[in-house]
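Here's a quick briefing on how two chains sit together. Have a look at the model first, then read on.

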2 protein chains.
Amino acid sequence: MYFFEVGKLEALGKHVILELHDCDRKCLSNCEFLRATLLEACRRAGATILGNSFHVFSPYDGVSGVIIIAESHLSIHTWPEYSYAAVDIFACGNSLHPERAVEFMVKELKAGNHSTIELERGIINSLVLHE
Amino acid sequence: MYFFEVGKLEALGKHVILELHDCDRKCLSNCEFLRATLLEACRRAGATILGNSFHVFSPYDGVSGVIIIAESHLSIHTWPEYSYAAVDIFACGNSLHPERAVEFMVKELKAGNHSTIELERGIINSLVLHE
């Protein structure tokens with residue numbers, strides 16, 4: 001005889017919200033530097049990169065960029081006029097190390113202040129099969 | 001004589017975290033349906049679409065997709081095996097209506113349950129110039 005037991009609550013993804021303040025303004029308006037930095041942050045986190053898309057906006061050369069990874073995504077939006085960047089790292093599975101991407105981004109953008117919030121996404125009841 | 005006064009706290013962006021549970025599984029594994037749905041959600045929110053990137057993952061045909069908009073981004077990651085989708089709507093400026101995108105996504109993916117969290121991103125002190 002088999003039966004399912006409702007197991008512990010489990011999150012399908014980890015979503016790290018990273019606020020980067022007092023950054024180097026030149027970095028925040030340099031699209032190719034940001035693309036290279038985010039790609040390297042993905043590699044350091046152990047992510048498998050699938051594609052990326054970056055855009056520059058007038059009048060302050062703010063940049064929006066997203067990297068799609070096999071484990072979800074990493075995004076950045078910059079406001080050079082406020083020395084501020086908003087970063088998101090969405091990681092599913094347990095094989096990624098988003099904290100390594102955070103550490104790298106803080107250093108490369110020369111953030112004077114930063115904060116992170118970690119959200120658990122997709123909280124479900126795991127089902128355990130018993131004989 | 002001119003001087004700056006530190007004004008009220010101001011957020012540069014609004015980030016809506018949308019959890020969609022008990023969705024229609026067929027919708028969640030249909031990449032072209034999801035692309036069309038997210039593009040329409042962006043239009044309903046009043047966003048200017050710049051580009052999109054969608055990928056399908058084995059073994060359950062989960063889909064990851066991101067749409068870059070002039071006002072930031074909209075993303076989705078689906079787990080058809082759990083009838084679950086994680087959606088993010090990052091909107092800067094005050095011209096967008098992310099709640100219209102939320103309403104549309106809930107309806108189109110036939111979500112039985114959903115929840116939203118709204119985060120204010122990039123909280124800064126606005127500076128006011130006085131004579």
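What follows covers the ground rules, the fold of one chain, the symmetry and the interface.

This is a predicted model, where local features need pLDDT of at least 70, side-chain atom pairs count only at pLDDT 80 or more, and totals for chains, interfaces and linings use all residues. Residues are numbered from 1 along each chain as its sequence is written, chains are lettered from A and ligands numbered from 1 in the order in which they are written, and side-chain values use heavy atoms, with hydrogens and water left out.

**Chain A**
- Chain A has three helices and six strands (DSSP runs: H or I of at least four residues, E of at least two, numbered from the N terminus).
- Along the sequence, the order is β-α-α-β-β-β-β-α-β.
- Of its 131 residues, 50% are buried (under 20% relative accessible area, 1.4 Å probe, protein chains only).

**Symmetry**
- Chain B lands on chain A after a rotation of 180° with 0.0 Å of shift along the axis, at RMSD 0.0 Å (least squares on C-alpha atoms of residues with pLDDT of at least 70 in both).
- That's how a two-fold axis relates its copies.

**Interface**
- In contact (heavy atoms within 4.5 Å) are 33 residues of chain B and 33 of chain A.
- The two chains bury about 2,600 Å² between them (accessible area lost on being put together, 1.4 Å probe, summed over both), 71% of it on carbon and sulfur atoms.
- On the chain B side, B:L12, B:I68 and B:R121 lose the most area, together 20% of what that side buries.
- There are four salt bridges between the chains (side-chain nitrogen of Lys or Arg within 4 Å of a carboxyl oxygen of Asp or Glu).
- B:D88 and A:R121 form a salt bridge at 3.0 Å, N to O.
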